[in-house]
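Reader: I have a structure open and I'd like to learn how to read it feature by feature. Could you walk me through it?

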Amino acid sequence: MAYQWDWSALFDNLPTLLSAIGTTVLAAVFSMIGSLILGLPVALVRLSRPQVSWAAYLYIELFRNLPLLVLVFWVFTVLPLITGLALNPFTCGVLALTLNLAAFVAEIYRAGITSIGSGQTHAALALGMTRPQLYRRIILPQAIVRVVPALGNLWVGLFKDTSILSVIGVGELMYEGRMVATDTYRPLEVFTGVAVIYYILAYPQALGVNWMFERFRVRE
Amino acid sequence: MNSATHFTWDFGVFFRDLPFLLKGLVVTIEVSLLSMVAGTVLGLVVALMRLAPARPLRWVAAFYVDFLRATPLLIQLVWVFFALPILLGYSLPPVPAAVLTLGAYSGAYLAEIFRSGILSVAVGQRHAALALGMTGAQALRRIILPQAIVRMLPPIASTFITLVKDSSLVSLISVSELMWAAQSLSAISLRPAEILTGTGLIYVAVTYPLSLVAELVRRRLLTV
């Protein structure tokens, strides 16, 4: 017996799904901003004296190696128990994504900074530049070009990872997709539609990142 | 803010139920290994399709790679478990559904690793091999792959580590792996803090040594 397709389950609920994209984007944007900020002190501590840099190493290795799903559940169920703070699911999700992503951001910052030859540092200091001048005029302009495409890659991964927040009830695209699939008894049409929506949103972003890698390719 | 919260850690429950969690860990490792094998086979086929002379083959392979890499693993998993059975006419058990999804997903990443590895071997070598009378398959097996594999090893290792972490998602389709065991225990034991914290540490205890090995391999190969 051939399956009777019924795409109205998808199209009738398209407004719900499309408005959930807003939550997906917000979660990704907040987490990206959070990790861009948090990643900086982690990277700087990682690059400092061995007596303190181990703390940043511990942070980076812990959060890079921990599955995101475990972290999301941990922030959602354990953090309130030990701190007494009651956070809403969206805040928990953004916090978990930020903690996870900051470890990767810190490593990208570190690679960007250390990729600038130490000869340039010596030359700038010999020319009489101060440390802030050295960072502003010599190191950062070169480091940013190397860092931005790698951060773009992280962003694309983050955009997809926001779907994991559906498990703690954040009303983003994946969550609403499951709701609609359950309500309509049409998982095939609805989940196919949700996958296509993700593809339409994320594929151009991936192309943009590829373009950045080409555009900012560093020729040594 | 609840000022009365004085949380005290009690890992007694965690250690009592450790055997149950370790059983889950075994399933995590089994699912990861099976998915890696499936992903490697699939990735190799897709990579060769992307390098094939026939244009339709290249298009199909490129779309496969782009689609699986641009959509979240979770929607793929849910699709295979809840939507695919409707097309097939019979339901997939959780473990095959998990291996199918993780294999298809990692296969897309592995295909790109294989393709760039093969392309990294200078084209002159292939021409030389063909000029010496080797067939295309011989050139691939004897000249290109031995050199390409060395360069592919570090990204393959990273893919496997990612796979172990991502396999936690299959708890959502009730595969009884580590995360599923942790979720079940959290609900029963009423000590979710210790169970989840301990489970996180078990994951790190597996993935961190793997990442050290991967880093070691990468450094070794860079110096050669």
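Reader: Let me start with burial. Of the 224 residues of chain B, what percentage count as buried?

Author: Keep in mind that this is a predicted model. A residue is called buried if 20 or more other C-beta atoms lie within 10 Å of its own. In chain B, 41% of the 224 residues pass that test. For chain A, the buried share is 39% of 220 residues.

Reader: And how do I read the make-up of each chain? How many helices and strands are there in chain B?

Author: List the elements from the N terminus on. Chain B has 9 helices and 0 strands, so to speak a plain run of α-α-α-α-α-α-α-α-α. Chain A also comes out with 9 helices and 0 strands, and its pattern along the sequence reads α-α-α-α-α-α-α-α-α.

Reader: What is the radius of gyration of chain A, and what does the globule rule give for it?

Author: The idea is to set the value for the chain beside the one expected for a globule with that number of residues. Chain A has a radius of gyration of 22 Å, whereas the globule rule gives 17 Å for 220 residues; the value is well over the rule, so chain A is more spread out than a compact globule. Its C-alpha atoms fill a box of roughly 80 × 45 × 25 Å along the principal axes.

For chain B, the radius of gyration is 22 Å, well over the 17 Å that the rule gives for 224 residues, so chain B too is more spread out than a compact globule. The C-alpha trace of chain B spans about 80 × 50 × 35 Å along its principal axes.

Reader: What share of the contacts in chain A with a separation of 6 or more is between residues 24 or more positions apart?

Author: Here you sort contacts by sequence separation. In chain A, that share is 76%. In chain B, 76% of the contacts between residues at least 6 apart join residues at least 24 apart.

Reader: Now a helix pair. At what angle do the axes of α2(B) and α7(B) cross?

Author: You look at distance, angle and handedness. In chain B, helix α2 (residues 18–50) and helix α7 (residues 136–166) have axes that come within 9 Å and cross at roughly 135°. That angle is why α2(B) counts as oblique to α7(B). The crossing is right-handed.

Reader: Which residues meet there?

Author: From α2(B) come B:Thr28, B:Ser32, B:Ser35 and B:Met36, and they meet B:Phe160, B:Leu163 and B:Val164 of α7(B). By class, the residues of this contact are 4 nonpolar, 3 polar and no charged.

Reader: Let me try one residue. Is A:Leu38 buried, exposed or partly exposed?

Author: Count the neighbours. A:Leu38 has 18 C-beta neighbours inside 10 Å, so it counts as partly exposed. A:Leu38 sits in helix α2 (residues 14–46) of chain A. Apart from neighbours within four places in sequence, A:Leu38 contacts A:Thr98 and A:Ala102.

Reader: Last one, the interface. How many residues of chain A are in contact with chain B?

Author: Count each side separately: 32 residues of chain A are in contact with 34 residues of chain B. On the chain A side, α3 (50–65), α4 (68–83) and α9 (187–215) each supply at least two residues. The largest share, 11 residues, comes from α9(A). By class, that side of chain A has 25 nonpolar, 5 polar and 2 charged residues.

Key:
Residues numbered from 1 in each chain as written. Chains lettered and ligands numbered in written order. Predicted model: local features only at pLDDT ≥ 70, side-chain atom pairs only at ≥ 80, totals over all residues. Contact = placed C-beta atoms within 7 Å. Helix = DSSP H or I, 4+ residues; strand = E, 2+ residues; numbered from the N terminus. Nonpolar A, V, L, I, M, F, W, Y, C, P; charged D, E, K, R; others polar. Axes fitted to C-alpha atoms, helices over the stretch in contact; angles between N-to-C directions. Parallel < 35°, antiparallel > 145°, perpendicular 65-115°, else oblique. Left-handed = near helix turned anticlockwise from the far one by under 90°. Buried ≥ 20, exposed ≤ 12 C-beta atoms within 10 Å, placed from the backbone. Rg over C-alpha atoms; globule rule 2.2 N^0.38 Å.
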